[in-house]
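Got your viewer open and your selection box ready? Let's take a walk through the empty spaces of this one, stop by stop.

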Amino acid sequence: MTIEVSAFRWVPPFAQGYVRDLRVRWALEEAGIPYHAALVDRQMCASGDYRQWQPFGQVPAYRDNGVELFESGAIVLHIAAKSEALSPADEAGRARTTAWVIAALNSIEPYAQILIQLKDSRIEPLLDARLGALSAWLEGKDYLEGRFTAGDLMMTTVLRELVNSGTLARFPILDAYRQRCEARPAFGRALEAQMQVFRDNAPANA
Ligand SMILES: N[C@@H](CCC(=O)N[C@@H](CS)C(=O)NCC(=O)O)C(=O)O
């Protein structure tokens, strides 16, 4: 079967280009694996059927021949296990890739989300400390581990959420890293695929 990835049929402009199916689309594009976007709306996400696929009623959810999954990090790691475009094949390299995917989701994203969603500036010193440490790690490197991996993919999707607030501009090494990763053709194809869905399904009054 063709891999299926759930994605919103439409979201307001501020969220377009940031919905987390982008992570999965990008991973599949890097791996050169075709997929089908299963478009959903809020009502469908609330249904019992969809919650059997994604227990929180969110996107993305994923299915292939053998596996049904939710959580973008788990999905991206699953795809990375299929493709050396996303992870070295050796055990040590795979483990480092996993560590950076989790670092993006667990050590950076929660702080970024508090700033973005709750607009709580009390988080700024904590977020800045994490971004400063990441910047020190990346100094003189193109990628987190010397080559592009799923860890860079996930980290980029987290960092790009900090552009509009001006936060990332204060960390030039991170901003240059984000732009380097976003310049990858696979990212461009993934972003365009998400945006095309929103253009095709824009409500008349949007
Ligand atoms: N931890 C989840 C988060 C997924 C998530 O937040 N999805 C958003 C879109 S970017 C969503 O579906 N929001 C609607 C909702 O939470 O009801 C993942 O990484 O897959």
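Where does the ligand sit? In the largest pocket. Keep in mind as you click around that the model is predicted.

**Stop 1: the ligand and its shell**

Select the ligand, then bring up the residues around it: Phe-8, Val-19, Arg-20, Arg-23, Arg-42, Gln-58, Val-59, Pro-60, Glu-71 and Ser-72. Colour that shell by class and you get four nonpolar, two polar and four charged residues.

Now put some distances on screen. Start at Val-59, where a polar backbone atom is 2.9 Å from a nitrogen atom of the ligand. Hop over to Glu-71: here a polar side-chain atom lies 2.7 Å from a ligand nitrogen. Then try Ser-72, which has a polar side-chain atom 2.6 Å from an oxygen atom of the ligand. As for cover, the ligand on its own has 500 Å² of accessible area, and the protein covers 74% of that.

**Stop 2: the pocket itself**

Hide the ligand for a moment and look at the space. How much space lies in the largest pocket? About 920 Å³. Its lining runs to 31 residues; for a good centre of view, select Tyr-18, Arg-20, Gln-113, Gln-117 and Glu-161, the closest to the pocket's centre. Arg-20 should ring a bell, as it also belongs to the shell around the ligand.

Switch to cartoon next. Two elements give two or more residues to this lining, namely helix H4 (72-80) and helix H5 (91-118). Which of the elements gives the most? That's H5, with six residues. Colour the whole lining by class and it splits into 14 nonpolar, nine polar and eight charged residues.

**Stop 3: a closed space**

Last selection: Tyr-18, Val-19, Arg-20, Leu-22, Arg-23, Thr-157, Arg-160 and Glu-161. What do these residues line? They line the largest cavity, with about 50 Å³ of space in it. With the cut-off set at 30 Å³ or more, the count comes to one cavity. By class, its lining has three nonpolar residues, one polar and four charged.

Leave that selection on and bring the ligand back. Val-19, Arg-20 and Arg-23 line the cavity, and these three residues are also among those around the ligand. Tyr-18, Arg-20 and Glu-161 turn up in the cavity lining as well, having already appeared among the residues closest to the pocket's centre.

Definitions and conventions
Residues numbered from 1 in each chain as written. Predicted model: local features only at pLDDT ≥ 70, side-chain atom pairs only at ≥ 80, totals over all residues. Heavy atoms only, no water. Near = heavy atom within 4 Å. Polar contact = N/O pair within 3.5 Å; in protein donor to acceptor, adjacent residues only side chain to side chain. Areas by Shrake-Rupley, 256 points an atom, 1.4 Å probe, with all protein chains shown as cover. 1 Å grid on protein atoms, 1.4 Å probe; cavity = no way out; pocket = protein on both sides within 12 Å on 5 of 7 lines; lining within 4 Å. Sits in = over half its atoms within 2 Å of the grid points. Nonpolar A, V, L, I, M, F, W, Y, C, P; charged D, E, K, R; others polar. Points joined across faces, edges and corners; volume = space filled by probe spheres on them. Helix = DSSP H or I, 4+ residues; strand = E, 2+ residues; numbered from the N terminus.
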